[in-house]
Amino acid sequence: MNNIGILHSALNASSLRQQVISNNIANAETPGYKSKQVVFEDILKQQLSNQTNFVGKRTDPRHVMIGKSGATPMAQTIENSDTVMQNNGNNVDIDKEMTQMGNNSLWYYTLTQQLTSQFNQLSISIKGRS
């Protein structure tokens with residue numbers, strides 16, 4: 001798992017998070033609707049903590065992978081079914097959703113800046129400084 005792969009997964013998670021937040025806001029008055037959220041950071045931390053420097057050589061695709069896994073983490077959407085915010089069973093907190101949307105926008109911007117930096121470094125290493 002390289003930096004560009006991790007950033008790619010994080011951008012996909014941010015995009016999914018934006019869709020989920022928008023869907024939550026659109027359904028803020030829908031009776032019985034349960035808000036959803038995207039989980040990515042915990043999955044990424046878990047995958048990064050499971051990595052070791054030791055990598056086993058696989059001579060057959062059926063062998064168990066040892067060491068670094070080539071898989072990039074994927075975001076997951078979960079439903080918040082434990083809380084109720086309104087009498088109609090809906091649990092969307094519009095203030096919380098708007099705050100998360102702002103945070104997600106900043107996170108997306110930061111990720112795009114980091115990815116741009118990675119590609120610039122890659123370009124410099126290929127072409128050299130001009």
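Helices here are DSSP runs of H or I of at least four residues, numbered from the N terminus. By that rule Asp-95 is found in helix H3. The model shown is predicted.

**View 1. The whole chain.** The protein chain has 3 helices and 2 strands. From the N terminus on, the elements run α-β-α-β-α. The radius of gyration is 20 Å, well over the 14 Å that the globule rule gives for 130 residues, so the chain is more spread out than a compact globule. Along its principal axes the C-alpha trace spans about 60 × 45 × 20 Å. Of the 130 residues, 26% count as buried. Take the contacts between residues at least 6 apart in sequence: 78% of them join residues at least 24 apart.

**View 2. Helix H3 from end to end.** The helix has 34 residues, which at 1.5 Å a residue should span 50 Å. Its end C-alpha atoms are 49 Å apart, in agreement with that figure. Asp-95 belongs to H3 and counts as exposed, because its relative accessibility of 57% is over the 50% cut-off. The C-alpha atoms of Asp-95 and Lys-127 are separated by 48 Å, with their positions 32 residues apart along the chain. Gly-128 follows H3, and its phi is positive, near 90°.

**View 3. The buried side of H3.** Glu-97, Asn-104, Leu-111, Leu-115 and Gln-118 are buried in this helix. An α-helix has 3.6 residues a turn, so residues three or four places apart point the same way. What covers the buried residues of H3 includes H1.

**View 4. Asn-104 in its contacts.** Asn-104 sits in helix H3. Its relative accessible area is 3%, under the 20% cut-off, so Asn-104 is buried. Leaving aside neighbours within four places in sequence, Asn-104 is in contact with Ser-14, Arg-17, Gln-18 and Ile-21. Of these partners, Ser-14, Arg-17 and Ile-21 are among the buried residues of H1.

**View 5. Trp-107 and its partners.** Helix H3 also holds Trp-107. At 22% relative accessibility, Trp-107 counts as partly exposed. Residues up to four places away in sequence are not counted here; beyond them, Trp-107 touches Ala-10, Ala-13, Ser-14, Arg-17, Phe-40 and Glu-41. Trp-107 and Ala-10 are 97 residues apart in sequence. In space they are 9.2 Å apart, C-alpha to C-alpha.

**View 6. Helix H1 and what it packs against.** H1 has 24 residues. From its first C-alpha to its last it reaches 34 Å, close to the 34 Å expected at 1.5 Å a residue. The buried residues of H1 include Gly-5, Ile-6, Leu-7, Ser-9, Ala-10, Leu-11 and Ala-13. Further along, Val-20 and Asn-24 are also among them. The buried residues of H1 pack against S1, H2, S2 and H3.

**View 7. The largest pocket.** This pocket has a volume of about 260 Å³. Its lining comes to 14 residues. Arg-17, Gln-37, Val-38, Glu-41 and Gln-100 lie nearest the centre. Helix H1 (3–26), strand S1 (36–39), helix H2 (41–49) and helix H3 (94–127) each give two or more residues to the lining. By class, the lining divides into 6 nonpolar, 4 polar and 4 charged residues. Two residues named here recur in View 5: Arg-17 and Glu-41 are in contact with Trp-107.

**View 8. Gly-89 in the loop before H3.** Gly-89 lies in the loop between strand S2 (76–79) and H3. With a relative accessible area of 18%, Gly-89 is buried. Not counting residues up to four places away in sequence, Gly-89 touches Gly-32, Tyr-33, Lys-34 and Val-84. The C-alpha atoms of Gly-89 and Asn-24 are separated by 14 Å. Along the chain, these two are 65 residues apart.

**View 9. Arg-58 in the loop between H2 and S2.** Arg-58 is found in this loop. At 34% relative accessibility, Arg-58 counts as partly exposed. Its contacts, not counting residues up to four places away in sequence, are His-63, Val-64 and Met-65.

Key. Residues numbered from 1 in each chain as written. Predicted model: local features only at pLDDT ≥ 70, side-chain atom pairs only at ≥ 80, totals over all residues. Heavy atoms only, no water. 1 Å grid on protein atoms, 1.4 Å probe; cavity = no way out; pocket = protein on both sides within 12 Å on 5 of 7 lines; lining within 4 Å. Points joined across faces, edges and corners; volume = space filled by probe spheres on them. Nonpolar A, V, L, I, M, F, W, Y, C, P; charged D, E, K, R; others polar. Expected span 1.5 Å × (residues − 1). Buried < 20%, exposed > 50% of the residue type's maximum accessible area, 1.4 Å probe, protein only. Contact = heavy atoms within 4.5 Å. Rg over C-alpha atoms; globule rule 2.2 N^0.38 Å.
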